[in-house]
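Ready to look at some aromatic rings? Scroll around for a moment, then read on.

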Amino acid sequence: RHRKDCPFGEVNGADIHEDMIEGERFGHEEGADRGATARKIGKSDQAGKGKVFLEECGDMSLKTQAKILRVLQEQRFERVGGNKTIAVNVRVIAASNKKLEEEMAAGTFREDLYYRLNVLPLEVPPLREREGDVDLLALHFMEYFAQVYGHKAKKIQPGGPAIRER
């Protein structure tokens, strides 16, 4: 089975409290803590041999970064409160709105994790630096939502606020 046919999981390092990210990423066993009333399968386990998107990895604590690094290196983990080792073979896609090189220099991002994640870097400049894309995106969404709501699509004049019927 190809990886493209396998599940895709997402974990947002900015949205999840540090105490919860481990359970979200790796799951937990029943009774692992106060809220763990049943076994929970984590995103890494759900993905199987698929992919996990680690969003806003620059916002993770150093403690969480160490746990992520361990899983990447050893390709195995235990659920919170569990003692069974689970093998994992996921492809990790990581993203951050922070400049991780600066975070490393400041001591808030682990250098070893950076080099583990930075295998195939892709830097996407912010939209404010890609002015030509704004008109294309606006046109795309206007056409999409016009179709969704059964309206006639309008057109934006490049470089100006004028809108006219298509």
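## Rings, inside and out

At 51% relative accessibility, tyrosine 115 counts as exposed (over 50%, worked out with a 1.4 Å probe on protein chains only). Tyrosine 114 is buried instead, with just 10% relative accessible area (buried means under 20%, and anything in between is partly exposed).

A quick heads-up: this is a predicted model, where local features need pLDDT of at least 70 and side-chain atom pairs count only at pLDDT 80 or more, while totals for chains, interfaces and linings use all residues. Residues are numbered from 1 along each chain as its sequence is written, and side-chain values use heavy atoms, with hydrogens and water left out.

How many aromatic pairs are there? The count comes to four, if rings of Phe, Tyr and Trp (its six-membered ring) pair when their centres lie within 6.5 Å. The rings of tyrosine 114 and tyrosine 115 sit 5.0 Å apart, centre to centre, with their planes at 80°, so they meet edge-to-face (over 60 degrees; under 30 is stacked and the rest are tilted). Phenylalanine 145 and tyrosine 149 make a stacked pair, with 6.4 Å between centres and 20° between planes.

Here's how much of each ring-bearing residue in these two pairs is accessible:

| Residue | Relative accessible area | Class |
|---|---|---|
| Tyr114 | 10% | buried |
| Tyr115 | 51% | exposed |
| Phe145 | 40% | partly exposed |
| Tyr149 | 58% | exposed |

Which residues do ring pairs link into a cluster? Look for Phe141, Tyr144, Phe145 and Tyr149. Within that cluster, Phe145 is partly exposed, whereas Tyr149 is exposed.
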